[in-house]
Amino acid sequence: MPALGCCVDAAVAPPAYANSPLGSLPVPPPLPLSFISGAPPPTPMSPTSASAGSVAADVDSSHWSPSHSASLYKIDSWGAPYFAVNPSGNVSVRPYGHATLAHQEIDLLKIVKKVSDPKSVGGLGLQLPLIVRLPDVLRDRLESLHSAFEFAIQTQGYEARYQGVFPVKCNQDRFVVEDIVKFGSQFRFGLEAGSKPELLLAMSCLCKGSPEALLVCNGFKDAGYITLALLARKLDLNVVIVLEQEEEVDLVIEISKKLNVRPVIGARAKLRTKHSGHFGSTSGEKGKFGLTTTQILRVVKKLEVAEMLDCFQLLHFHIGSQIPSTALLTDGVGEAAQIYCELVRLGANMQVIDIGGGLGIDYDGSKSADSDLSVAYTLEEYASAVVQAIRYVCDRKNVKHPVLCSESGRAIVSHHSILIFEAVSASVSRAAPVAMSPLGLQYLVEGLTEDARSDYTKMTTAALRGEFETCLFYADQLKQRCIEQFKDGTLGIEQLATVDGLCDFVAMEIGASDPVRTYHVNLSIFTSIPDYWAIGQLFPIVPIHHLDERPGVRGVLSDLTCDSDGKIDKFIGGGTSLPLHEMVGGGCGERGPYYLGMFLGGAYEEALGGVHNLFGGPSVVRVLQSDGPHSFAVTRAMPGPSCGDVLRVMQHEPELMFETLKHRAEEYCGQEHGSNGGDGDTDDYDHGMANNSALASSLAQYFHSMPYLVVPSSCSLTAINNGGGLYYCNGEDYDAVVDSSPNEDEQWSYCYA
């Protein structure tokens, strides 16, 4: 109990009060013993939401198991079928979903160890934060999507095929896009582009894909965009130019005739069906993109006049991302199918109906249609609803079934990427009460105004009566009066600290103090999780280890940036804090680093992230399932951007910056040598030059280093078996990647004297 306990245990004021020089002042009434014994006991795991804390509250620490953690963090709900908690208490990856065998599961902590351990013990020596990409999961998502449509097509007697496209805006990373093209080639899987750079990217990648794969060109277009798309047709790529604005058809007609290229044209329709959720703002009649029925009719007329109506072959629409239910999906698809059939009637050579994006994922595991974070359907139900709605309309209109295309991005790439970061320290929201003697309490009361003394008396009286809400009210009022006195200069800082401690003690003893801690994480939310900051998108965030232990505290996550928005205090399930484990000795105690993972962030987060605070992006590794002793192989590893890299992004020139600092070092070293009374002999000169060279070398190292915090080596986990058994499945490929990067001497040769 704090030093204030002397005021709690005593039935009367201690003798020191009567004998003190201040004895003539009214003796402050003591806080009663019943104040402690009658109050509800505080608990560090008092949940801010029942759903997040009920498991932890109901299970004793000695009976805690990994399954309890899986339930607490809902890993079996949002993580199925790719993530689970293994018997060691670590998050594991099931790279093939439901088809994953027990020995094929990958322990995430072992990946982190392999990546972050020093090279001297068999690690890669990369720094966190870290993105772990899992191509096996990506492949499984593609295969599952295709299988769902194939099953619906076969069972419903649909007389055309499905072939999707991946919208590269979701994740433009070269290796992600190349993997999608490679894995999807057998399914004629293509790409969607929304800008000229994305079109160039898609053209290059699809040169290695299926010849029948679609390259869908969306977005607003100028003459350059349309020309590039038409040139792609000359390269025998299956390009479709989708009209977003009516005037684009004039450019397509004009440029295609100049280039002597017969285009394939599509149109994006503005449907009446509107997605009412957060992600539905681009849908409906007033949506940002697309053509109204009136505009579509005018496009048909223009193409007919130009004798190019046979080029009109695709109808595109987009209800909105993260469609919550199949009822909304069926409504929108049915409306679009009616437009498709009408275009066939008008003479267009329609072949494909592109249902756009919208296939959602379950971020919180609730399987609810009433949340932007969830969806109330499976892949199979989604595909079945699409096939059924289009077949029904086409059969009624006696129209040939069209090829089905979708632009699913979120559902394909979200699961395959995991952002892993470490907590470097933790702080409590309230400091421990300041130790205070009876004389100190007397001194505090002496300095209070009459109103503040009255608040103190009423607070203790309420405590005696067990009126805890009233007690808290007067404690807060007392604190505010003291703050005003401090601002006026009539109360010293020692007295203010005492009243802060007193009020915190009162709140803590009646269980009203905030038990939530702030965990400082080695991350920039603005750079790595921009959707959280920008649109309030929530992602599952859980510790990736210690899940065989009961979490003892609740916490919010604060990043390294100096902005107040750089904090995560909303979590799936509605909680305003997250169950976490105690950080013994800070981030580098006996337990080692404390790692957390953000899951389902493979879509948009990497593409949207910037360089806020010049932190840059995380390191990235590509991990495949392997039959080796640790079930995985790192096939590609790229360190995060250096300080020099992110400076270049903002138009700074690291080379010139270094030269400026180097000249400053030479000037400083010369002044230091003179001020120390050197006699100017050769030894002194050589010593000064050596100091200057060492300082310049140190400065150069900072341009190379990653902007994030470097955890001391004492925090590194000891490599299991000295790293043995963890290997690259293709060592030559990996060595080539490493060797292709300029080494320090090559890149910074100008930095050394």
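D395 and R391 sit four residues apart in helix α15, which spans residues 379-397, so about one helical turn separates them. In this predicted model, their side chains meet in a salt bridge, with 3.5 Å from N to O. Side chains of opposite charge can pair when their charged atoms come close. D395 has a relative accessible area of 41% and therefore counts as partly exposed. R391 is partly exposed as well, with a relative accessible area of 25%.

The pair in helix α15 belongs to a wider set, for the structure holds 26 salt bridges. Another of them joins R133 and D173, whose closest N and O atoms are 3.3 Å apart. Here the partners come from separate elements: R133 lies in strand β4 (residues 130-133), while D173 is in the loop between β5 (165-167) and α9 (174-184), so the salt bridge ties together parts that are 40 residues apart in sequence. How accessible are the two partners, R133 and D173? R133 has a relative accessible area of 9%, and because buried means under 20%, R133 is buried. D173, with a relative accessible area of 23%, is partly exposed.

A further salt bridge connects two helices. The side chains of K302 and D250 meet at 3.3 Å, N to O. K302 belongs to helix α13 (residues 293-305) and D250 to helix α12 (residues 248-259); the two residues are 52 apart, and the pair links distant parts of the chain. K302 is partly exposed, with a relative accessible area of 29%. D250 is also partly exposed, with a value of 35%. Which residues are linked with K302 and D250 in a network of salt bridges? The other members of this network are E246 and R298.

The cysteines offer another way into the structure. How many disulfides does a search of the whole structure find? The search finds zero. C482 illustrates this: the nearest cysteine sulfur belongs to C503 and is 7.2 Å away, whereas a disulfide needs two cysteine sulfur atoms within 2.5 Å. C482 is therefore in no disulfide. The relative accessibility of C482 is 0%, so C482 counts as buried. C217 likewise counts as buried, because its relative accessibility is 0%.

Note on methods: Residues numbered from 1 in each chain as written. Predicted model: local features only at pLDDT ≥ 70, side-chain atom pairs only at ≥ 80, totals over all residues. Heavy atoms only, no water. Buried < 20%, exposed > 50% of the residue type's maximum accessible area, 1.4 Å probe, protein only. Salt bridge = Lys/Arg side-chain N within 4 Å of Asp/Glu carboxyl O.
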